Amino acid sequence: MNAARPITAANGTHARILDSLGDLAHDAAGALDRVAQPGFYDRLDWLALTHANIYPDNAIAVVAARQNADAAWLPLRDCGSGHGRGLASWYTLAFAPLFTPNAGPAARTRLLGEMASALRRRFDTLSLWPLEADVAAELEAAFRAQGWLPTLRFETANWIATTTGLDFEAYWANRPSKLRNTVRRRTKNSPFTTEILDRFDDAAWDAYEAIYAQSWKPDEGSPAFLRAAARQEGAAGTLRLGIARRDGQPVAAQFWTVENGHATIHKLAYLESEREHSPGTLLSVAMFRHVLDHDRPAVIDYGNGDEPYKAEWMDQRRERYRLRLFNLRSIGGLSKSVRTAARAAMRRLGG
């Protein structure tokens, strides 16, 4: 294998940097598989899809730390010139260090500290996003203690609804009257039919791609990645793919997953030509009804982004952050931290 030789700290923690996802799979020995990791973005298969489809030309640098039965991994891309970024993309709604399932708070602190120490020998700067607030705080403290200068900034919002014990009618009763009235009006004489699949279907996914291409959305970025992810989740039974049609023609589509009590709305789109008839809204109602009545999740996650319409469907706004880390024990990290601080000062003076 192409992994660096482990470095053992005084407390018995071993840390090293792995140079491929194959090395990561060997080192994790199943700890990053679906059965062990409840989080969608915390699995080896998600990382493999991300690297293969979005960053195929970037070198991998996974820092791994282990102490007895506890282990942790931080998957990074080596972007050259001493800079590393988390192995995450615009499809990743939450990035975090990965731990064996039973690692407690004290073990997490030790493992993160050793990873931060090991990374000083490889990188001048790191950029990690999108981070949940508690993950950002945990990383910030661990890296600061090992000679890194952390800077944290708000990146985007994340909207969720807590739906424990709620069927669709109970959930819907708590939605704003404006939304409920809009749906009531649009439902009367609606020209749309809806279909919700819990398996992958090539024709249905072709319809999704066609709708997206004619929607208000920006370019998909990596259609191959999304199709592969949908196919993977269809095989696992977590996919919920909704299609709305008018006269048999697809006009709106949504891609959800539901697993471990967590429903996530990954993608949605509708044809611009059908905007006035609200096919996206009516498909959302069908999707929420199906998922709440059949899957009964504890949480529905509307993904990242602060679009105003999400507040109508969700109850809680959370924040995602970007953490930049400067290695103050390297010349490159120190100089970049000074330049970054100078630019920030100039912006404040100019503003």
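In the hairpin that joins strands S3 and S4, 2 residues sit between the strands, and Asn-68 takes a positive phi near 55°. Keep in mind that this is a predicted model. The two strands on either side of that turn, S3 (residues 59-67) and S4, pair in the antiparallel sense over 9 bridges. If you want a spot to check the register, look at Ala-61, which stands opposite Leu-76 in S4.

Stay with S4 for a moment. It covers residues 70-78, and 9 of its 9 residues are buried. Asp-70, Ala-72, Leu-74, Leu-76 and Asp-78 point one way from the strand, while Ala-71, Trp-73, Pro-75 and Arg-77 point the other way. Buried or not, then, on each of these two faces? Residues pointing either way are all buried, charged ones such as Asp-70 and Arg-77 included.

S4 has further partners. It runs antiparallel to strand S5 (residues 83-86), with 3 bridges joining them, and Asp-78 has Gly-84 as its bridge partner there. The S4-S5 hairpin has 4 residues between its strands, and here Gly-80 takes a positive phi near 85°. Then there's strand S6 (residues 98-99), also antiparallel to S4 and joined to it by 2 bridges. In that pairing, Trp-73 stands opposite Leu-98.

Trp-73 is a handy way into the interior. The largest nonpolar core has 71 residues, and Trp-73 is among those with the most contacts inside it, along with Leu-24, Phe-288 and Trp-313. Helix H9 (residues 279-295) gives this core its largest share, 7 residues. Apart from it lies another core, of 33 residues, whose members include Ala-65, Leu-74, Ala-103 and Ala-118. Now go back to the two faces of S4: Trp-73 and Leu-74 point opposite ways from the strand; Trp-73 belongs to the 71-residue core, and Leu-74 to the 33-residue one.

On to the aromatics. There are 20 aromatic pairs in the model. Phe-143 and Trp-148 make an edge-to-face one, 5.5 Å centre to centre with 75° between the planes. Phe-143 counts as buried because its relative accessibility is 1%, and Trp-148 counts as buried too, at 2%. Phe-168 and Tyr-171 form a tilted pair, with 6.2 Å between centres and 45° between the planes. These two are 3 residues apart in helix H5 (residues 168-173), so they are separated by about one helical turn. Both Phe-168 and Tyr-171 are buried. Elsewhere, Phe-40, Tyr-41, Trp-46, Trp-90, Tyr-91 and Phe-225 come together as one aromatic cluster.

Next, the charges. Side chains of opposite charge can pair when their charged atoms come close. A search of the whole structure turns up 28 salt bridges. One of them is between Arg-16 and Asp-27, at 2.9 Å from N to O. It links distant parts of the chain: Arg-16 is in strand S2 (residues 14-18) and Asp-27 in helix H1 (residues 21-28), 11 residues apart. Asp-27 counts as buried because its relative accessibility is 14%.

Asp-301 and Arg-318 form another salt bridge, with their closest N and O atoms 4.0 Å apart. This one also links distant parts of the chain, from Asp-301 in strand S13 (residues 299-304) to Arg-318 in strand S14, 17 residues along. The two ends differ in cover: Asp-301 is buried, with a relative accessible area of 5%, whereas Arg-318 is partly exposed, at 25%.

For a salt bridge with both ends partly exposed, try Arg-275 and Glu-272, whose side chains meet at 3.1 Å, N to O. Arg-275 has a relative accessible area of 44% and so is partly exposed; Glu-272 is partly exposed as well, at 34%. There is also a network of salt bridges, which links Arg-34, Arg-43, Asp-45, Glu-233 and Glu-259.

Finally, the surface. Leu-149, Leu-328, Leu-334 and Val-338 make a nonpolar surface patch of about 310 Å². Leu-328 lies in the loop between strand S14 (316-327) and helix H11 (331-350). Leu-328 counts as partly exposed because its relative accessibility is 36%.

Notes:
Residues numbered from 1 in each chain as written. Predicted model: local features only at pLDDT ≥ 70, side-chain atom pairs only at ≥ 80, totals over all residues. Heavy atoms only, no water. Buried < 20%, exposed > 50% of the residue type's maximum accessible area, 1.4 Å probe, protein only. Pairing = 2+ DSSP bridges. Patch = residues over 30% accessible without salt bridge, like charges linked within 9 Å, V, L, I, M, F, W, Y side chains within 5 Å. Areas by Shrake-Rupley, 256 points an atom, 1.4 Å probe, with all protein chains shown as cover. Core = buried A, V, L, I, M, F, W, Y, C linked by side-chain atoms within 4.5 Å. Phe/Tyr/Trp six-rings, centres within 6.5 Å; stacked < 30°, edge-to-face > 60°.
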